[in-house]
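Biologist: Hi! Could you walk me through this one while I have it open on my screen?
Modeller: Happy to, just ask away.

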Amino acid sequence: VLAPDLGGHGASDAQRERWTLAALADDVVAAVATLDARAVILIGHSMGAPVALLAAPRLGPRVVGVIGVDSLHDAGFSYPPGYLAQAAAELEADFPRALEASLRGVLPPATDPVLVDWIYTRALRTDRRAAVALLRGLEGFALPPVLAAAGVPVRVINAAPRAGGLATDVEGNRRLADFDARLLEGVGHFPMLEDPPRFRAQLALAIQELAAR
C-alpha cells in the first residue's frame, strides 16, 4: 500500500504554484509510476477521489479501478454561483472558525466529540494557502467528463443520504461510467474514522471485486 498525502495536506509539502486537482493528479501519477505494479487500485477520500479519476487514464492499463470514499456522489451536481469563492473567502478571513463550521456540516450531530476534535486538530495543520487555492480551483472542475474518461470501474463507499447531506446518484453516474456504490448508514464524511470495522469490510469487498476482473 502506498498512501500519499495530497499536496498541502498531512506530511506533503506545499511548495508549488499550481493548486488544482490536475496538479495533485500529477503527484499521484508520479508516485505510482515509481512502483513495479501491474494491478493498481486508486483509492481517494473526498477531494482525493476526483484526483484519482484524473490520474487513472494517465497511468494506463496498470490501473484496474478507482474507489472513492464519501465522494463522487452526483455527476449532475454543481455548486451555486459564487459558493466556492465565498467559502474560500471565509477560510481566508478566519481559517479555524470556517474549518470547524465545515466539519460540523459534514458529520452527524451524534458523532463522538473526541473524534470531531481529533479530525479538527489535524485539519488545522493543512496549509492554509493550499486549502484556499484548491477551493478556488474547484470552480472550473466538471465531474461528468472526468468520470466518463476514467476508463476503469469506479466504486464508492459513501455515507447514506441524511438531512443536509449529498445523496449518491447511482443511476445517473452509471450513464457515464461503470459505477456502483456501497452506502453506510449512520456515518458522515469520514466513514473510515467514524466506523472503521464496517468501512474496512466494505473496502475489502470493493477491492476483491476490482482485483478479480
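**Contacts, core and sheet**

Modeller: Let's start with L42: leaving aside its neighbours within four places in sequence, L42 is in contact with V28, V32, A52, A55, A56, L59, V63, G65, V66 and I67. Keep in mind that this is a predicted model.

Biologist: Thanks! Which residues touch the most other members of the largest nonpolar core?
Modeller: L42 again, together with L53; that core has 53 residues.

Biologist: And which helix gives the most to this core?
Modeller: Helix α2, residues 48–59, which contributes seven residues.

Biologist: What about another core, where does that lie?
Modeller: There is one apart from the largest, made of ten residues, and A159, L203, A206 and L210 are among them.

Biologist: Switching to the sheet: what order do the strands have?
Modeller: The order is β1-β2-β3-β4 in an open sheet of four strands, with parallel pairing. At the edges sit β1 (40–45) and β4 (179–184), each pairing on one side only.

Biologist: How much are neighbouring strands turned against each other?
Modeller: By 15° on average, with direction ignored.

Biologist: How many bridges join β2 to β3?
Modeller: Four, between residues 63–69 of β2 and residues 154–159 of β3. If you click on V66, its bridge partner in β3 is V154.

Biologist: Which strands does helix α10 touch?
Modeller: Helix α10 (residues 196–211) packs on the sheet and touches β1, β2, β3 and β4. Its direction makes about 160° with that of β2.

Biologist: New topic, helices α3 and α6. At what angle do they pack?
Modeller: At about 170°, with the axes of α3 (residues 83–93) and α6 (residues 128–137) 8 Å apart. An angle over 145 degrees counts as roughly antiparallel, so that is how α3 runs to α6.

Biologist: Which residues make the contact?
Modeller: From α3 you have L84, A85, A87, A88, A89, L91 and E92, and from α6 there are A131, V132, L135 and R136. By class, the contact of α3 with α6 has nine nonpolar, no polar and two charged residues.

Biologist: Last one: where is G82?
Modeller: G82 is in the loop between β2 and α3.

Biologist: And why does it count as partly exposed?
Modeller: Because G82 has 38% relative accessibility, and the partly exposed class lies between 20% and 50%.

Biologist: How far apart are G82 and A39?
Modeller: They are 43 residues apart in sequence and 41 Å apart in space, C-alpha to C-alpha.

Note on methods
Residues numbered from 1 in each chain as written. Predicted model: local features only at pLDDT ≥ 70, side-chain atom pairs only at ≥ 80, totals over all residues. Heavy atoms only, no water. Axes fitted to C-alpha atoms, helices over the stretch in contact; angles between N-to-C directions. Helix = DSSP H or I, 4+ residues; strand = E, 2+ residues; numbered from the N terminus. Parallel < 35°, antiparallel > 145°, perpendicular 65-115°, else oblique. Contact = heavy atoms within 4.5 Å. Nonpolar A, V, L, I, M, F, W, Y, C, P; charged D, E, K, R; others polar. Pairing = 2+ DSSP bridges. Core = buried A, V, L, I, M, F, W, Y, C linked by side-chain atoms within 4.5 Å. Buried < 20%, exposed > 50% of the residue type's maximum accessible area, 1.4 Å probe, protein only.
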